[in-house]
Amino acid sequence: MAGSLPSLQDRPPLLPPLLLLLLLLRFWLGAASAAGKATQRAPFSSRFCRESKHWHRRSAAAARGSRLLSSLSLPLLEVQPQVPSIMRLSWGLFLLMVALGETAAARCPTPCVCDNLRAHVLCLNGSLTAVPTAIPQLTKKLDLRGNSFTALPAGAFLGTPYLTHLDLQRCKVEKLEEGAFRGLGRLVYLNLASNDIAILYQESLDGLSSLQQLILEGNRIEEIQPGAFGHLGSLTVLDLRANALVYLPDMVFQGLAVLRWLRLSHNTLHVLGSEAFAALPALHRLSLDHNELQALPGEALARLDGVTRLDMGHNPITCLAEEALAMASLKHLFLDHAALQDVAAEAFTRSPQLRTLDLHANQLQGLPALDGPGALVRVNLASNPLLCSCLLRPFHDWLVRERVQVEGTCAAPAALRGRTLDSLRPPEMRCGHHELPPTPATPSEQPRAGGSRQCPRGCSCSPDVHHGSCENRGLQEIPQGFPRDTRLLDLRRNAFGIVPPGAFPGLKELVSLHLQSCSIRVLHPGALRGLESLVYLYLTNNRLSTLAATAFEGAPQLAYLDLDRNAFTRLPTGAFQLLPNLISLHLQHNAIEELAEGDLAGAGGLRWLYLAGNTIKHITPTALAPTVMLEKLHLEGNQLAEVPTAALQGLPALSELKLSQNPIKYMGDGVFLPVASSLQHLYLDNMGLQQISPSAFTGLGPKIRSLHLEGNKMSSIPSMSNFTGLEILNLRDVPFHCDCQLLPLRRWIEKLNLRVGATCGSPTEARGLKVKLSTTFQTCPGWGDMTKAESKPSKKKRLGKSPARGFMKSRA
């Protein structure tokens, strides 16, 4: 018997010992009661016969139980086969179950919490550097968020083959080794969001044959090797938002035969292979919003016969030509916040099922009567400069005739300004000699420059995606002779040293240029001459310490400039004067000590400025003045001793400010007032902050969506009751003094439906307890009133009305 006992690792999760005790006690009492009643009813002779009849059978069972328990070396009471008592046998069984339960619980790793009933294991924010090996084998859901794994080695989860859900968010993972997930054939959900993965290798996701959802949002993926998704035949949702993808080659998603939703938002895509989506027969929704596509990728999209919703908003698309979109099943198209100026009447003739068309926040003066989408029921033209003249009458007549709902208001002429389109009558839409007609709605496509098929020796050129590459070829001079229609040129990891004038002749269509890790010391004036279409320039990890004022001459469309990890000690003054379209400037991890007046002269269109990891100690009040459109300012990891309040003046659009890891010990009154009306995300974590003035957050309120204060040293914080729009609040690792002065914070946290992580640092009896759970507040004046208010049923509840409805009303 003992030899056939299953191993503890194969045993299902056991009931907690206390619950087992109650159940077995109830069973024993019931059995004893029944036996007593039977004894009273039956004559002595009958009882003797029954006992004699089954004596040997029960004695043998008890003996086998005794041998089994002794083989397990358990400290059980002696089982006596001579006494036919159900009590002793039940007691031995109970102790066996307790021992097995304690053994199963002992397998839980020290920093983790194990729920054996539900087969869940949580190891949150435990500073683990490797996946624990002592996780119970039968675990189904494993949560490892907030640890530090760097790399996931092959076979990292072989000890937990029954996993169905695995969460690895914010684990600093940089690489997925080949076979890292091998053995997880039951996994259906994998979350790898907010890590540092740069490349998806061919075997990175091997072994996930049952996976249905894969979340890779917020990494820095810039390359997907062929076949990377070839093992994911059950995947239905793939989330690749907020990565560094610049282009998608042909058949990149091969193997995803049942994928239904592909999310590619917030990348920097500007080139799509014509067969990029050819292997997605089941796709229903595609999200390509917030990218850099300058034209609708009609050829690639035409392969998607089953897609019903397409998100293309926030792309710099200027026009839609005839038959621009050929998607037979498309019902919902979103092209909001683009740069549309013209839409052809026949743009959607090959998308007959189109029902909703969202074109709001573009540059449209009007639309023609649309031909083709007979199912269209709604058009959104809000926030467009609509010219409600006679030129708009055909479109207006078409709306009425086809019974299409429309949103939008007139911007001109003055007499109709502010009028909604659906309120207009045809006689009101007049033409005058002073009104200019809209730009023609059917622009002809510009002839493409001749693209000869030559390619420099030692490099590779892909004519289908207009991509050239000489990465890591040991080159000391920039090669020439690429095809004229090259759009992406990758020259990373060579040893050029300098970039001479006219280094890229004939590449007028080049959009993206990669010069990372090329030991570049000098970028000569005129080096980019002729690159009139260049949008992205990557100069990361070089040796640049200065730039001439004419360094970027000849590249007026440059919008994304990456100068991370160079040797700048100050911003290259004057270098941005020739970049009127600059949107994003990266200068992280240099040696910049100060932001001075004039450093950003000419950068009037800048929206994102990244200066993390420098040594900035001072920002002059006028240093950021030219950047009136700035939305993101990252200053984490510098040497600022105070919030640069004066420098924040004149930034009416700033929505994200990062000051983490600066030695700011004190925050005074109103330090964020200059940006209080626009700020949404504020990072003040890990600064050693010791004190915050009660009025430090003056002006901030419902617009704040995320506030990070973790890893500081203050014992209290000012009232944040006005922060009604919070989605993220992090107060972990702050030594709060849990006395009556903190009671307002305690009350406020109680009302939040958020995990804030606030814990008590003092007094001694409360140290380490959650602020919400500390009992030190129960002696505070007003505590009784609060508990009564929480426990007393409302009048509506006593009358039998829905408490949920009352809650919603109070929230409103």
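In which loop is Pro 413 found? In this predicted model, Pro 413 belongs to the loop that runs between β24 (410-412) and β25 (460-462). The peptide bond joining Ala 412 to Pro 413 is cis, with omega at about -5°. A cis peptide bond also leads from Ser 762 to Pro 763, and its omega is near -5°. Pro 763 is placed in the loop between β45 (759-762) and α8 (783-791).

The secondary structure of the protein comprises 10 helices and 45 strands. Of the 812 residues in the protein, 44% are buried. When contacts between residues at least 6 apart in sequence are considered, 52% of them join residues at least 24 apart.

The largest nonpolar core contains 103 residues, and Phe 504, Leu 513 and Phe 672 have the most contacts inside it. The helix α7 (residues 743-751) contributes the most to this core, with four residues. Another core lies apart from it and holds 99 residues, including Val 173, Leu 190, Leu 232 and Leu 280. Beyond its neighbours within four places in sequence, Leu 513 contacts Leu 489, Leu 491, Phe 504, Leu 528, Leu 531, Leu 534, Tyr 536, Leu 537 and Tyr 538.

Phe 504 also appears in the lining of a cavity. The search of the whole structure returned two cavities of 30 Å³ or more, and the second largest encloses about 30 Å³ of space. The lining of this second largest cavity consists of Pro 479, Gln 480, Gly 481, Phe 482, Ala 503, Phe 504, Pro 505 and Leu 507. By class, six of the lining residues are nonpolar and two are polar, while none is charged.

Several individual residues were examined for burial and surroundings. Asp 239 is located in strand β11 (residues 237-239). Its relative accessibility is 2%, so Asp 239 counts as buried. The side chain of Asp 239 makes a polar contact of 2.7 Å with the side chain of Arg 241. With residues up to four places away in sequence not counted, Asp 239 touches Leu 214, Ile 215, Leu 216, Glu 217 and Arg 263.

Buried residues also occur in loops, as Leu 370 and Thr 160 illustrate. Leu 370 lies between β20 (356-358) and β21 (378-380) and counts as buried because its relative accessibility is 6%. Outside its neighbours within four places in sequence, Leu 370 is in contact with Ala 344, Ala 345, Phe 348, Leu 357, Leu 376 and Trp 398. The C-alpha atoms of Leu 370 and Trp 398 are 7.7 Å apart in space, although the two residues are 28 residues apart in sequence. Thr 160 occupies the loop between β4 (151-152) and β5 (165-167), and with a relative accessible area of 5% it is therefore buried. The residues that Thr 160 touches, not counting those up to four places away in sequence, are Ile 135, Pro 136, Gln 137 and Leu 184.

Positive phi values were found in residues other than glycine, among them His 290 and Gln 661. For His 290, phi is near 55°. His 290 lies in the loop between β15 (285-287) and α5 (298-301); with a relative accessible area of 27%, His 290 is partly exposed. For Gln 661, phi is near 60°, and the residue is found in the loop between β38 (656-658) and β39 (666-667).

Terms used:
Residues numbered from 1 in each chain as written. Predicted model: local features only at pLDDT ≥ 70, side-chain atom pairs only at ≥ 80, totals over all residues. Heavy atoms only, no water. Core = buried A, V, L, I, M, F, W, Y, C linked by side-chain atoms within 4.5 Å. Buried < 20%, exposed > 50% of the residue type's maximum accessible area, 1.4 Å probe, protein only. Helix = DSSP H or I, 4+ residues; strand = E, 2+ residues; numbered from the N terminus. Contact = heavy atoms within 4.5 Å. Polar contact = N/O pair within 3.5 Å; in protein donor to acceptor, adjacent residues only side chain to side chain. 1 Å grid on protein atoms, 1.4 Å probe; cavity = no way out; pocket = protein on both sides within 12 Å on 5 of 7 lines; lining within 4 Å. Points joined across faces, edges and corners; volume = space filled by probe spheres on them. Nonpolar A, V, L, I, M, F, W, Y, C, P; charged D, E, K, R; others polar.
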